[in-house]
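Take a moment to look at the fold before reading on. We will walk through it step by step, from the sheet outward.

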Amino acid sequence: MSIIPKLSPNFTPGRKNYTPFAIVIHIMDGTLAGTDSWFSNPASKVSAHYGVGQQGEVHQYVQETDSAWHAGRVYTPSWTLIKTSNGQYINPNYYTIGIEHEGKGDTPWTDAMYAASAALIRDIADRWHIPLDRQHVVGHHEIYGAKTCPGTKVDLNKLIALARGNQPTPANDDDGDIPQKVKTTGKVTSRSRLNIRATPDTHKAPINIVEPGIQLAYDGYVNNGEKINDNSKWYFTDEGNWFWSGAVR
């Protein structure tokens, strides 16, 4: 893999005797070039270890042995492996590696970005013996619950499957039938906190969480997803994200 150094001054040397054991996925909310510039500015006081562009470019901002400033704030975390000491959260920057991705939270990910990010995740996981699962590859919102980063368009389960060298498989409903997709576009709004999933069921942990009142675009639906409260209709996006229709209006 070709990695272009774009080293940032914004980092803490070393890791306070911690070892990286998880990878945090971010969205840049902008362009790769803009992020290069922002991370090079000491006044920004932010960085990540890597940035991945929509064309598959990979830039490195901080060495993995140092602590990038990408996930230091903790607020209503849903990540179960977050570390604490004496009732206080330990700064996740010390034990995670952060990867930024070009685009905004509602920007579809390109195949090139998925492929480059997956290859990078695989290399990082090999170096640090990090398991490739949803407990160890997490979205930024799972640490800082006030954000939706990395947004609604990334399928973290797909990203992990690609990092493992696997292709995601279609989900089956409870009767063993593959959900039949109806292609149609539209928009809905979340009623409450909404789980975004990789399949039309609740069998695995959500890949993202959307706050109430957020408008979501969809590319179709199925009527034979998991039935919840007698409702088995699930919306999907072409990027592989699913959400239950009973949680939106």
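Two strands count as paired if DSSP finds at least two bridges between them. Keep that in mind for the sheet. The model shown here is predicted.

Begin with the strands. Six of them form an open sheet. Their order is β1-β5-β4-β9-β3-β10, and the pairing is mixed. Which strands sit at the edges? They are β1 (4-5) and β10 (137-139), and each pairs on one side only.

Start from the β10 edge and move inward. Strand β3, residues 22-25, pairs with β10 in the parallel sense over three bridges. One residue pair to find here is I23 and its bridge partner in β10, V137. On to β9. Strands β3 and β9 run parallel and are joined by four bridges. Here I25 stands opposite I99 of β9. Next comes β4. It pairs with β9 in the parallel sense, over three bridges. Look for Y50, which also stands opposite I99 in β9.

Stay with β9 a little longer. In a regular strand, side chains alternate between the two faces of the sheet. How are the two faces of β9 placed, covered or open? Both are covered. On one side T96, G98 and E100 are buried, and on the other I97, I99 and H101 are buried. Six of the six residues of this strand, 96-101, are buried.

Now turn to a helix. W128 lies in α2, which spans residues 111-128. Is W128 buried, partly exposed or exposed? It counts as partly exposed, because its relative accessibility is 23% and buried means under 20%. Setting aside residues up to four places away in sequence, W128 touches T19, P20, E64, T65 and I97. One of these, T19, is 109 residues from W128 along the chain. Yet the C-alpha atoms of the two are separated by 7.9 Å.

The helix also matters for the next topic, the nonpolar cores. The largest core has 45 residues. Within it, I121 and F243 have the most contacts. Helix α2 gives the most to this core, with eight residues. A second, separate core has 10 residues, including V24, I82, I90 and Y95. Return to F243 for its surroundings. Beyond its neighbours within four places in sequence, F243 is in contact with ten residues' worth of names worth tracing, among them V188, L194, W234 and V248.

Next, find a loop. S47 sits between α1 (32-40) and β4 (50-52). Its relative accessibility is 1%, so S47 counts as buried. What does its side chain reach? It reaches the backbone nitrogen of W69 at 3.0 Å. A polar atom of the S47 side chain also lies 2.6 Å from the backbone oxygen of N10. Leaving aside neighbours within four places in sequence, the contacts of S47 include S8, F39, V62 and H70.

Finish with empty space. Rolling a probe the size of a water molecule over the atoms shows where such space is left. The second largest pocket has a volume of about 460 Å³. It is lined by 24 residues. Which of them lie nearest its centre? They are H26, I27, E100, H140 and K147. Helix α1 supplies the largest share of the lining, three residues. E100 is a residue you have met already, as one of the buried residues of β9.

Conventions. Residues are numbered from 1 along each chain as its sequence is written. This is a predicted model: local features need pLDDT of at least 70, side-chain atom pairs count only at pLDDT 80 or more; totals for chains, interfaces and linings use all residues. Side-chain values use heavy atoms; hydrogens and water are left out. Buried means under 20% relative accessible area, exposed over 50%, partly exposed in between (1.4 Å probe, protein chains only). Contact means heavy atoms within 4.5 Å. A nonpolar core is a set of buried Ala, Val, Leu, Ile, Met, Phe, Trp, Tyr and Cys residues joined through side-chain atoms within 4.5 Å. A polar contact is a pair of N or O atoms within 3.5 Å; within protein, one must be able to donate a hydrogen and the other to accept it, and residues adjacent in sequence count only if both atoms are side-chain atoms. On a 1 Å grid over the protein atoms alone, a cavity is a set of points where a 1.4 Å probe fits but cannot get out, and a pocket is an open set with protein on both sides within 12 Å along at least five of seven lines; lining residues have an atom within 4 Å of a point. Grid points are joined across faces, edges and corners, and a volume is the space filled by probe spheres set on the points.
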